[in-house]
Amino acid sequence: MSSTETKLDHLKEKIQNSDFQHNQGLSNEVSYYILAYDPKDYPMVRKELDSIEHIYTKDTIDHEIKEFNVYQIMWELLEERGIKQAVIDMEKKDGIDYLSEQINNVLRMTSSDNELVKYIDERINTDTIVFLTGMGQIYPLIRAHKILNTMHQVISDVPVVLFYPGKYDSLSLSMFGELKEDNYYRAFQIN
C-alpha cells in the first residue's frame, strides 16, 4: 500500500486530468474514488485538502472543488429539524447503537431521498468535484458505504472523492484499519 503522501500526490495529478474532471475513460462506471489513509496521517490530509482547495480553483481547472464534511452536515440537518439536543440526550439514555439506528432512520440513509445525499446534490452542478470528509467523525453513527450506496444512484455525473481514515481494498472498507464495514466495490482506489 502506498503512503498517504503518495496518494495525495496522485490525487493532485488526477484533479488536473480532463478525463477525471469529465468522467471519461471509466467504462460507464460512476467516477467515485476512495483515498484511504492511515488515521495518524489526518493532520497531513487536512493540510493538503486545504491546499488543494486553495490551489485548484475554477481559474486553474475547469471544475470547482467542493468539500462536504458529512459529520457537520448531519448536525446541521438535525438542528434544522429541531432535534439536535434530543439526539445528544438519546445517546446518554439509550446508547450509541440505538442512536445510530434512529439517526439513520431520520436521515433516510437507505432511501433514495437520503437527506445527506440531497444536501450535497442541491449544492453541486456538473462543474463540481466533490470531496467527502468527516467519515472518522461520523463513525459509527453513519457508515461510509451507506452514504456511497445511495449517492452513486443520485450523483453520477461528477467525480466524488471520499477521504477515508482506514483501509479500502477495492472490495471492503475498514474504518481506522480495524473496524470492518459492509462491502463497497464501486469506487476506484487512489493509490
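These exercises, with worked solutions, concern a predicted model.

**Exercise 1. Aromatic pairs**

Task: Find how many aromatic pairs the whole structure holds, then work out what the Y33 and F188 pair ties together.

Solution:
- Step 1. Searching the whole structure gives 5 aromatic pairs.
- Step 2. One of them joins Y33 and F188. A ring pair is described by the distance of the centres and the angle of the planes. Here the centres are 5.6 Å apart and the planes make 35°, which is a tilted pair.
- Step 3. Place the residues. Y33 belongs to strand 1 (residues 32–37), F188 to strand 7 (residues 188–189). The pair therefore ties together parts 155 residues apart in sequence.
- Step 4. Check accessibility. Y33 is buried at 6% relative accessibility. F188 is partly exposed, at 30%.
- Step 5. Look for further rings. F20 joins Y33 and F188 in one aromatic cluster.

**Exercise 2. A pair within a helix**

Task: Classify the Y71 and W75 pair and state how many residues separate its members in helix 4.

Solution:
- Step 1. The ring centres of Y71 and W75 lie 6.2 Å apart, with 85° between the planes. Over 60 degrees counts as edge-to-face, so this pair is edge-to-face.
- Step 2. Both residues sit in helix 4 (residues 70–80), 4 residues apart. That is about one helical turn. An α-helix has 3.6 residues a turn, so residues three or four places apart point the same way.
- Step 3. Y71 is partly exposed, with 26% relative accessible area. W75 is buried, at 17%.
- Step 4. W75 also touches helix 5: K84 is found there, and W75, L78 and E79 are the contacts of K84 once neighbours within four places in sequence are left aside. K84 is partly exposed, at 31%.

**Exercise 3. A charge over a ring**

Task: Identify which residue lies over the face of Y119.

Solution: R123 does, at 3.6 Å from the ring centre.

**Exercise 4. The buried face of helix 6**

Task: Name the buried residues of helix 6 and find where they fall around its axis.

Solution:
- Step 1. Helix 6 spans residues 96–106, and its buried residues are L99, S100, I103 and N104.
- Step 2. Viewed down the helix axis, these residues fall within an arc of 130°, so they line one face of helix 6.
- Step 3. Find the packing partners. They are helix 4, helix 5 (84–94) and helix 9 (144–154).
- Step 4. Take N104 in detail. Its relative accessible area is 9%, so N104 is buried. A polar atom of the N104 side chain lies 2.7 Å from the backbone oxygen of L141. Beyond its neighbours within four places in sequence, N104 contacts M109, L141, I142 and K146.
- Step 5. Look past the helix end. R108 follows helix 6 and has a positive phi, near 55°.

**Exercise 5. A hairpin**

Task: Determine in which sense strand 4 and strand 5 pair, and which way the side chains of strand 5 point.

Solution:
- Step 1. Strand 4 (residues 160–168) and strand 5 pair in the antiparallel sense, over 3 bridges.
- Step 2. Take K167: its bridge partner in strand 5 is S174.
- Step 3. Inspect the link. The two strands form a hairpin with 3 residues between them. In the turn, S170 has a positive phi of about 70°.
- Step 4. Split strand 5 (residues 172–175) by direction. S172 and S174 point one way, L173 and M175 the other. All four of these residues are buried.

Note on methods: Residues are numbered from 1 along each chain as its sequence is written. This is a predicted model: local features need pLDDT of at least 70, side-chain atom pairs count only at pLDDT 80 or more; totals for chains, interfaces and linings use all residues. Side-chain values use heavy atoms; hydrogens and water are left out. Rings of Phe, Tyr and Trp (its six-membered ring) pair if their centres lie within 6.5 Å; planes under 30 degrees apart count as stacked, over 60 as edge-to-face and the rest as tilted. Buried means under 20% relative accessible area, exposed over 50%, partly exposed in between (1.4 Å probe, protein chains only). A charge sits over a ring if NZ of Lys or CZ of Arg is within 6 Å of the ring centre and within 35 degrees of the ring normal. The arc is that of the directions from the helix axis to the C-beta atoms. Contact means heavy atoms within 4.5 Å. Two strands pair if DSSP finds at least two bridges between them. A polar contact is a pair of N or O atoms within 3.5 Å; within protein, one must be able to donate a hydrogen and the other to accept it, and residues adjacent in sequence count only if both atoms are side-chain atoms.
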